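This report examines a predicted model. Please consult the sequence and the structure shown here while reading.

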Amino acid sequence: MKKAIIVGASSGIGNELAKILVENGYKVGITGRRKPELEKMRESRPESYVISSFDCTTENNTEKLTDLTNKLGGLDLLIMSSGTGDLNEKLNYEIENKTNLLNVNAFTEIVDWTFNYFEKEGKGHLAAISSIAGIRGSRMAPAYNASKAYQINYLEGLRQKATKTKKPIYVTDIRPGLVDTDMAKGEGQFWVASKRKAAQQIFEIIKRKKSVGYVTKRWWLIGKILRILPKNIYKKM
C-alpha cells in the first residue's frame, strides 16, 4: 500500500484529495489546524487515515512530519496543499506577513524536509499546490502573488536538484486557477471549478508525474496570456 501525506487536509482541495487518494488505495496522513475536521475523516475510514493536527506557521514541521511518516510506516507522496492569501489593496502588513509565514517560510521548511527525506530513501514524489497567480504580480494581493511566484521558482529549483540526483524523485508544481474554496476572493470570477473536479484533475497530474499542471486544464491558456502580456499593459490593469 502506498503512503501519502497531505499538509492542509482539513478543508478545501486538500480535503478532497485525501478522499481520492484513499479511494485509490493509499494510506494517508492528514494534517491541519482543525483537529475536529481531521477526526471526522478518520472516523469515516479509520484504517486509511492517520491524523496530525498542527499549525505550520508556529510548530516544528519537521518533527511533526517525521512522526507522522513513522506512524504511516513510510512515505511515497507528499502533497503541500496548505496556503493562505487575502485581498490587501491597502497593504496591511499583518495580512502580508501572515501570507508569507505560511506560503514562504512554512512552505520552504516542509518541501525541504520532504526532498531530503526522498533523497535519503532514493525515491519519492513531492507535489505542491502553487497558483496561476504566481505568474505575475497583483496590486490587490501583492504578497499572495509574490509568495506563489516564490513557490513556482523554488519547485523548479528542486526539480533541478532531483535531476542531478539521478534518482526517481519527482517534483510537481500544480497551478490552480479559481476553485470553489475560501481562497477564491473578489468579484467577476469565471471558470470556477468545484473542489472535487479540481482534486480529480490534480490526482491525474500527480499520477502522470508531470512537472507542471494547470487546474482546470483550460487555465493553461490564461497562464500563457499572462506570461506574454506586455508590462506596459499589465501595469495599468
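The sections below treat a central strand, its neighbours and the nonpolar cores.

## Strand β5

Strand β5 spans residues 124–129, and 6 of its 6 residues are buried, so the strand is largely enclosed by the rest of the structure. Gly124, Leu126 and Ala128 point one way from β5, whereas His125, Ala127 and Ile129 point the other way. In a regular strand the side chains alternate between the two faces of the sheet.

## Pairing and crossovers

Strand β4 (residues 77–80) runs parallel to β5 and is joined to it by 4 bridges. Within this pair, Ile79 stands opposite Ala127 of β5. Between β4 and β5 the chain passes through helix α4 (residues 93–121), forming a right-handed β-α-β crossover.

Strand β6 (residues 169–176) also pairs with β5 in the parallel sense, over 6 bridges. Here Ala127 stands opposite Thr172 of β6. The connection from β5 to β6 leads through helix α5 (residues 142–165), and this β-α-β crossover is right-handed.

## Nonpolar cores

The largest nonpolar core holds 29 residues, of which Leu21, Val28 and Ile30 touch the most other members. Elements giving two or more residues to this core are β1 (3–7), α1 (12–23), β2 (27–32), α2 (35–44), β3 (49–53), β4, β5 and α6 (195–207). Leaving aside residues up to four places away in sequence, Val28 touches Ala4, Ile6, Ala18, Leu21, Val22, Ser48, Tyr49, Val50 and Leu72.

Another core, of 27 residues, lies apart from the largest one and includes Tyr117, Leu126, Ala128 and Leu155. Leu126 and Ala128 point one way from β5, together with Gly124.

How values were computed. Residues are numbered from 1 along each chain as its sequence is written. This is a predicted model: local features need pLDDT of at least 70, side-chain atom pairs count only at pLDDT 80 or more; totals for chains, interfaces and linings use all residues. Side-chain values use heavy atoms; hydrogens and water are left out. Buried means under 20% relative accessible area, exposed over 50%, partly exposed in between (1.4 Å probe, protein chains only). Two strands pair if DSSP finds at least two bridges between them. A crossover is right-handed if, with the strands pointing away from the viewer, the path from the first strand over the helix to the second runs clockwise. A nonpolar core is a set of buried Ala, Val, Leu, Ile, Met, Phe, Trp, Tyr and Cys residues joined through side-chain atoms within 4.5 Å. Contact means heavy atoms within 4.5 Å.
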